[in-house]
Every structure is written in structure tokens, then in C-alpha cells.
Amino acid sequence: MTLEPLLTLIEISAIVAFAISGLIEAVRKRMDVIGVFSVAFVTAFGGGALRDVLLDRRPLFWVQHQEYVWLVLVLTLIGLPLLRVLRHRWVNRVMEVTDALGLGLFAISGASLALAAGMPLIIVALMGVITGVFGGVMRDVLCNEIPMVFHDHRPYALCAFAGCWVFIGLNFIGAEAWLALLIGAGITAGLRLLALALDWRIPSWPHQIED
Amino acid sequence: MTLEPLLTLIEISAIVAFAISGLIEAVRKRMDVIGVFSVAFVTAFGGGALRDVLLDRRPLFWVQHQEYVWLVLVLTLIGLPLLRVLRHRWVNRVMEVTDALGLGLFAISGASLALAAGMPLIIVALMGVITGVFGGVMRDVLCNEIPMVFHDHRPYALCAFAGCWVFIGLNFIGAEAWLALLIGAGITAGLRLLALALDWRIPSWPHQIED
Amino acid sequence: MTLEPLLTLIEISAIVAFAISGLIEAVRKRMDVIGVFSVAFVTAFGGGALRDVLLDRRPLFWVQHQEYVWLVLVLTLIGLPLLRVLRHRWVNRVMEVTDALGLGLFAISGASLALAAGMPLIIVALMGVITGVFGGVMRDVLCNEIPMVFHDHRPYALCAFAGCWVFIGLNFIGAEAWLALLIGAGITAGLRLLALALDWRIPSWPHQIED
């Protein structure tokens, strides 16, 4: 019960962080205000919407929380001064932290729903990863780029994957739901921040395929 | 009751206009006949299909109306002489009008279904816009372009958004369903045509973000 | 009953062939291991997942068959030596055959489900084609390319379309389910291999549209 407000706070921060990453990429692509809003919207809610469609859950996450839709709408409108602020280095750092927390929260929420639906464990972990990263994938597709999560060689999906397995393990040994969620999301976020801080790289493939 | 044939006529015109816009972009990209049909098909039915999936409605719009699928199939096959005709200026004008009417009709149909499902008003308006514009978004994604509706700085989604709010307002004051639909769609189409005639532009973002 | 193991074998071969085509394109795009797995996964399961969402079937194909998910995961990890092997000419030939068989099997499975759902025949055929080809379409969209099936002028979707109509015809004259499936899939695969062997081309559009 005392956990609820904390989760809501993380959720809001995550949506803001995700939406801003969409906003930045859309502005870079010289989109108009409609495009900026659309890409911000899809980045923030795309992963959760895909999860809900795959699990056949309705109403969708963003239909249930219209306040979050308003939030992204307002963000788009006040984005310009906000982006000016964003040039400061410490804001980037804050963005990284909220994005990592958001990744953790979204991933574990997806895994948690899949687990409750009685799915096989590998599917539970995958559903968590999909929920966490596919907003960003859709953002990059709409911006006509190869999804960054697929080729920047930084651990991102992998952190969510690891966090989901920790969450699954905690459930297996009978941990309480809120504790499993908190630890799973925390490990995801922690791994992500550690990966950024220590500059971890995902092993690359030797590129021996010619066209 | 006397309204039904009129709506069907608008719907058919809209599908033709949407399909032709897909056909033109696919031919520009030098696709083969399969690609041309596929892109025309997705442009015409993508927005409605996404709406139906998001609202969990089955059968899908185009499954229920197989005659429309045949229509797009025939259009693809007779598209070549048709495209020759399209070089005339007045055909472009007719296309603009049918496309605007289609945008209006599809947007209000989406808003109307979301309203009937008891969704919050901002979601109703968004669902209308999604229904109206996402066929075009999918067309551009399949053609490996940034969606035109996001970056051409012409009001399109915005017209649908305005029309949906008018539709919502009319419902709120208790207007009859067909009247609200007709006025909402008419305002959307009218705004779109006005925007084209008067060369309105969506405010652009100052591009101060460097890569 | 004796058919079951054969179908499972074809299904596994098809998933491997589809996954490898995704893997190859992802490596060409210099993606990291996460990207390679994701694209392989989407190529193998995207068409079936889209079919299930459009027909509102749950659990999804790959949720029901977690062993196939593990298969793609392992494929990604052992892909490097595998790709070295793939340089041999005969492996390409084997890939073409399994891909053709996979196209046939997936297409007819999609058509069969749509037929059982009582859909109009044109929709049944389309649903078959979508199931067979949209994994590849998603692969190309994620790799930021125009879908190959839309513009390489080789019959692929068309073979599936023809095979689906044969399947529908066989059902119409009361053939047994397994026989219709086998012949439909066989004709699809046969046409595809014939098209490759004889270098058939899909008629191209004269490109008379200027930007």
C-alpha cells in the first residue's frame, strides 16, 4: 500500500523519459509538431500496447490511464524550452536514470502479467523484454532508422532479460509479489546503469557476410 | 436510412483514394505488382485494422467487406491506365477531395466506435485520428520513408483531431448520431481542403538538436 | 496420425529457414547479438503472430510452442559457425527448399484457420499469404529496407496465393483436411522452386511516375 505511490512515480518518470527520447529523435528528423507528438506517444506507449495486444488485454494501458496521454501531449507542447534545458549534462544523466528505471518497471510489469497468465518461463522473460524495449523499436522504425537497441552494442534488452529472470526466480522461491517486482526492476535498472558507467559492450559478430 | 447509400459511396471513394495513394508511392519505389497491391491494401485498410485490433473488434473491417478487397485488387490491375489519367490536373483535385472525405469518414468512424465503448474523450479523439491516418503511416513505413503525415508540415492529422472534438461535442449536447457523424466528417474534410487551398502550415520546431 | 511427425518436421525446418534469413540480414546490417536474435525471432514468428492477432487467436503460435523459441535462441548463439557453413553452395539450395516448404506450410496453415473461422474465400487466401510472407516483411522493415517480397520481381507471395486457392478448391470438393493441406502446401512450394529454377519474373510496372 505504501508502495503504490512510489510505483506511480516511477511509472510517470519512465513515461516522461521514454516520451522525451521519442521527442528528441523526431525533432532531429525535422518533423512537425504532429510528428513529434506521435513519435513521443508511440515511444512511451508502444511497448505496453504491443504487450497488451499479444496478451489480449483490454483496455490498453494508455486507454486506462488517460492522464498519461495528457502528460505526453503537454510534454510535446512545452518540449522546446525543455530541450534547451536538456543540453545541460546533468539532465542527460537524469534521463539515463529515469530511462533505466522505466525499462525495469515496464519489463517487470510485462513479465508479471505473462506469469499471471500462466505462460512458459522463456515467454514470460521475452514478454518482459518486449514490453520494455519495443516502444523504442517503434520510435526508430517511424524515424526510418534501424532500431538502436539492435545495433548500438550496449546492453539494454539484455539487462531487462536478466532482471526478468531474477523476477521469475524470486516468484519461484515464493517471494512476495511487490518484493519480486521491486528487486527485478531494480536489478534491470542497476545493470543498465552499471553497463553505461563501465562502458560494457555486447559482443559483436565478425562481419563476414558479403551482399 | 437515406443516409446509408451516401456513407457507402463516401467509404468507397475513400478506399479508392487511399489505395491509389499507396499505389502511387509503391510504383515510385519500383515495386512489382505484388508490392503495389500490398501497399495499396495496407494504405486502404491499415488504419481501420489497427483501430479494430486496439479496440478488440472482430471481424476486421476488411474481413467483413470482402467487396472492398476485390476493389483494391481490381484497382491494382487497372492501375496503369488509371495512373496515366492521373497526370491530369483535375484528377489530382478529385483525389484531394476524396482523400479529405475519406479522412473525415474514417476518423469519425473510429471516434464513434471508441465513444460507444465508453472510452475517455481524449482517447476517443486519438482513436479517430489513428483510424484516419495510420494507413498512410504504414504505407510510408513499408516504402522505407518517414511518414509524410509526421513531417510535411501540412495539417492532416490535426484536421481529423478537430473534427473528432466537434463530433464529441455534438454527442455531448445530444445531437443525433448520423448528424454528429456527418458534421464531424464534414468539418474534418472541410478543414483539410481549406488547409490545402490556403496553404496553411503547421508550426515547425526550431532545429537546435545536433546529432 | 502418421502425418503429424512429418508436419512437425516441416514446421521446424521452416522456422530454421526463416530464422536464418533474418539472422543473415541482421548480420549484414552489423547488428549486435541482441539485434540478430530479435530479427531472427521476428522473421520466424512474425507472420504467424500477425495471423493470430488478426484472427484473435490466443495463445499465440510461439507462446504455445516455447521449444521453437529456444530453437531460435540456440540458432542465434551457434549462428556464426553455421554462417560459415552457409557459404557452401549446396546449403543455399537446402535453404531455398526449406524456405519454400515453410512458405507453403505457413500459408496453408493460415488459410486453414481462416477457412475454419468461416471467412470469405478471398480473405482466406489473403490470410494465408499474410501468414506466409509477413515475417519477412517485418524483417526488412526492422532492417530499414523496402520489403524484398514487394520489389524483387520474383514470385513468392504469388505462389502462396495460388497454393491457397488450390487448398480452398480441394476443400470445396470435399477433400480430406490433411490431403488438402499437403497438396496446397506442396503446390506452393513447388511453384516457388519452379519459379527459382526457371527464373520467372513478376511483370514490372513501367515507371512513368515522377516525384
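Copies of a chain are superposed here by least squares on the C-alpha atoms of residues with pLDDT of at least 70 in both. With that in hand, let us work through this predicted model.

**Exercise 1. Find which rotation relates chain B to chain A, and which residue of chain B comes closest to the axis.**

*Solution.*
Step 1. Two copies of a chain are related by a rotation about an axis and a shift along it.
Step 2. To bring chain B onto chain A, turn it by 120 degrees with a shift of 0.0 Å along the axis; the RMSD is 0.0 Å. The two copies are thus related as by a three-fold rotation axis.
Step 3. Now look along chain B: its closest residue to the rotation axis is B:N144, with the C-alpha at 3.8 Å.

**Exercise 2. Describe the side of chain B that touches chain A, and decide whether the copies meet through the same or different surfaces.**

*Solution.*
Step 1. Count the residues: chain B gives 26 to the contact and chain A gives 26.
Step 2. Locate them. On chain B, at least two residues each come from α2 (33–54), α7 (121–142), α8 (148–151) and α9 (157–172). The largest share, four residues, belongs to α7(B).
Step 3. Sort this side of chain B by class: 18 residues are nonpolar, five polar and three charged.
Step 4. Compare the two partners. Only 12% of the interface residues of chain B are also interface residues in chain A, so the copies meet through different surfaces.

**Exercise 3. Locate the cis peptide bonds that precede A:P59 and B:P59.**

*Solution.*
Step 1. Recall the background: most residues other than glycine have a negative phi, and most peptide bonds are trans.
Step 2. In chain A, the bond joining A:R58 and A:P59 is cis, with omega about -5 degrees. A:P59 sits in the loop between α2 (33–55) and α3 (61–64) of chain A.
Step 3. Turn to chain B, where the bond from B:R58 to B:P59 is cis with omega near -5 degrees. The loop between α2 and α3 (61–64) of chain B holds B:P59.

**Exercise 4. Place B:D199 and C:H153, and classify each as buried, partly exposed or exposed.**

*Solution.*
Step 1. B:D199, in the segment after α10 (177–197) of chain B, has a positive phi near 55 degrees without being a glycine.
Step 2. Around B:D199 there are 7 other C-beta atoms within 10 Å, so B:D199 is exposed; the cut-off for exposed is 12 or fewer.
Step 3. C:H153, in the loop between α8 and α9 of chain C, is likewise not a glycine, and its phi is positive at about 60 degrees.
Step 4. With 16 other C-beta atoms within 10 Å, C:H153 is partly exposed.

Note on methods: Residues numbered from 1 in each chain as written. Chains lettered and ligands numbered in written order. Predicted model: local features only at pLDDT ≥ 70, side-chain atom pairs only at ≥ 80, totals over all residues. Contact = placed C-beta atoms within 7 Å. Nonpolar A, V, L, I, M, F, W, Y, C, P; charged D, E, K, R; others polar. Buried ≥ 20, exposed ≤ 12 C-beta atoms within 10 Å, placed from the backbone.
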